Every structure is written in C-alpha cells, then in structure tokens.
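Below are some comments for a colleague who is looking over this model. They concern the annotated spans, an enclosed space and the packing of some helices.

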Amino acid sequence: MVTSLLVVVIALALIFDYTNGFHDAANSIATIVSTKVLTPFQAVLMAAVFNFAAYFFIKDHKVANTVSKIVLEHFVTIHVILAGLIAAISWNLITWWFGIPSSSSHTLIGGFAGAGMANAIYMHVNPLNAIEMHYVLTIIAYIVLAPFIGLVIAYLITILILHICKRARPAVAERWFKRLQLLSAAALSFAHGGNDAQKVMGILYVTLITSGVIKSGAPMPEWIPLACYTAIAAGTMSGGWKIVKTMGSKITKVTPLEGVSAETAGAVTLFITERFGIPVSTTHTITGSIIGVGLTKRVSAVRWGVTINLVWAWIITIPVSALIAGGIFALIHLIG
C-alpha cells in the first residue's frame, strides 16, 4: 500500500543518491581536474553523463541484491529504512563539509544495518541475529581489499606504461596521456555509476517489499534503476570541490600518465567487484589507486599523514553510521 511515509522514504533514498553523487564526484574527476585535462565543469558534466550511461548497460543488479539482504527481512520495517537513510544522509553531509572522502556506500550500509539491529533489540532479539553476517563481513573485508587491489593494479599499469614509453618524447607522451585520460575518467565514471546507484536500488527494492507494494522475490520495477541513475548523475553534476582537492593533490602529485593509471585501475576494480555483487567503496578504490601510482616514484611521494587520516574515516564510517541510525530509530520508536 502506498502511504505518505512510503513516499517520504523513497524521496529520502533519492536524496541520499543525490548526495552520493556530489560527495563521490571527486572519485571520478579529481585526477582529470588536477592534471588540467578538463575544467571542473567539463569534468562533472562528463562524469554525470557516464554515471547515467551505466543504466543502459548494467541490468543484473547483483550489488543491489546484496544490499537488500544485509538486514534479514523479519527485522526490516519502514521505520528501519527511514532511520538508516537519515543517518546515511547526515554522515554524507558531515564528511562532505569537512572535505573527508569517506564512503557513501558504507554509510548507507552501516545506517541500514544499525537501524535493523536497533529494531532487533526492541524485539528482544540478539542484534547480530538481525543482519546477514556473510554479506556484512564481506563488505568489511573489502574496506582493506578494494584499495589494495586498486593500488596493485595502478602500480603495475604505471610500471608497464613507463617501460613502453621510455623512449618517447616527453611533450608527445604528455599530449597522448591527456587524451587517454578522457577515456580512463569516462570508464571510472561509468563504473562508479554502475556500482553506487545499485546500493540505493537495493534499499528502494526492500522498501517496496516491506510496504507490501510488491512481493518478496518479485522483479525490480524499472522506475527504480532509472530514478537512481538519474539522482546520482544529478548529484555528480553538483560536484564535490572540497573532496576534489584532497583526492587530486593532497595524497600525491598526479600527472596525466598517473591519472590514466589510477583511473583505469579504479575502473577495473569496480567492474570486477560489481560482477561479483560486492558493494565496495568507490572512494576507497580510487584512493588506493592514487597511492599505487605514487609508490612507483618512491614511498615518500605519498603523503602518508593524509592517507592515515583517510583510513581512520573509512574505519569509523560503518560503526558511526550504525550508531546514528540506531539512535534515530530509537527516537522514532519513542515518538511513534
């Protein structure tokens, strides 16, 4: 049944997707802006177009399926989803304000899980019984694995390119890498849209099941992916300039060659994880890739103080989002 609360939750989910877009725009455009291949406006326009383009090509929605199953169906209510979304939006805005490239994916997952666990407590059930531990542990594992995979791939690509182009004239090579960076940035934007839009798709799907609009196991209504890809692309168009500065210059100085390597490595990692239905963080992945290209010069080329601060943000995102969501759920339960 369609209720006013259901409409509010759908609207909040799409608002979160929008904040995901402008929060994570830096993932796709930071290197291409910092290398001055494109202006900021050109970069966000291109990223938004390729974010949305994923709608036409990615149809299996494995990541959405994983997200929808994080909280067991018995513990999911419309208020659980509402609390999770409010917590996720709040953490996204806080980290955006301070220019911290935290994971929008993980704040959504943490919020959803935290609210589900809070509901289990009210039902006098062990809160850990409310979540699907297999999926949660996989997501936690990829906090480490996703940036590491991106790092290794970026390092290898950079070494390979340097070997192939060792006799090339620097000016000619620079022009070619600026052109190639257009392709690598487009691929990363496409992968970002295909991976991140699915997280909200999973939330909206379980919302419709919980509200009785569709039955469990029913096909996902087509308006859900269309709305989610539109929202994330619109958010990307709004940019995230504070985070662009952190990603594009504070971790390590990035040249067009290194931009190609980092973006290609990030895209490859996201394509692989999307294929296996693993909701990884785009932020973590591209950060690891940027570190990988920095390591090809020397270890000291990476600003490890900045990197360590980012890692702390990654570590606390899921538990903080879960705590915020649990508190919001308790407040809703108290008021209701």
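The numbered points that follow take up these topics in turn.

1. Please keep in mind throughout that this is a predicted model. As for annotation, an unreviewed UniProt entry lists residues 37–58, 70–94, 135–164 and 310–335 under "transmembrane region", and these assignments are quoted here as they come from that record.

2. Two of the listed spans can be set against the coordinates. Residues 135–164 are 100% helix and 0% strand, with the end C-alpha atoms 41 Å apart. For residues 70–94, the helix content is 68% and the strand content is 0%, while the C-alpha atoms at the two ends of the span are separated by 24 Å.

3. On internal space, the search finds 1 cavity of 30 Å³ or more, and the largest cavity holds about 30 Å³. Its lining consists of V80, I81, G84, L85, L108, F112 and I203, and the elements that contribute two or more residues to this lining are α4 (78–97) and α5 (104–122).

4. Which element gives the largest share of the lining of the largest cavity? That element is α4, from which 4 residues come. In chemical character, the lining of the largest cavity divides into 6 nonpolar residues and 1 polar residue, with no charged residue present; the polar one is G84, since Gly is counted as polar in this scheme.

5. Turning to helix packing, helix α2 (residues 40–57) packs with helix α7 (residues 170–210) at an angle of about 55°, and their axes are 7 Å apart. Angles under 35 degrees would count as roughly parallel and those of 65 to 115 as roughly perpendicular, and α2 and α7 are therefore described as oblique to each other. The handedness of the crossing between α2 and α7 is right-handed.

6. Helix α7 also packs with helix α8 (residues 223–238): the axes of α7 and α8 come within 9 Å and cross at roughly 130°. Because only angles over 145 degrees count as roughly antiparallel, α7 and α8 are likewise classed as oblique to each other. Where α7 passes α8, the crossing is right-handed.

7. In checking these points on screen, one could begin with α7, whose axis crosses that of α8 at roughly 130° and which packs with α2 at about 55°, and then go on to the cavity lining, where α4 gives the largest share.

How values were computed:
Residues are numbered from 1 along each chain as its sequence is written. This is a predicted model: local features need pLDDT of at least 70, side-chain atom pairs count only at pLDDT 80 or more; totals for chains, interfaces and linings use all residues. Side-chain values use heavy atoms; hydrogens and water are left out. UniProt positions are given in the numbering used here, feature names are shortened, and annotations may be inferred rather than shown by experiment. On a 1 Å grid over the protein atoms alone, a cavity is a set of points where a 1.4 Å probe fits but cannot get out, and a pocket is an open set with protein on both sides within 12 Å along at least five of seven lines; lining residues have an atom within 4 Å of a point. Grid points are joined across faces, edges and corners, and a volume is the space filled by probe spheres set on the points. Axes are lines fitted to C-alpha atoms, for helices over the stretch in contact, and angles run from 0 to 180 degrees between N-to-C directions. A crossing is left-handed if the near helix is turned anticlockwise from the far one by less than a right angle, and right-handed if clockwise.
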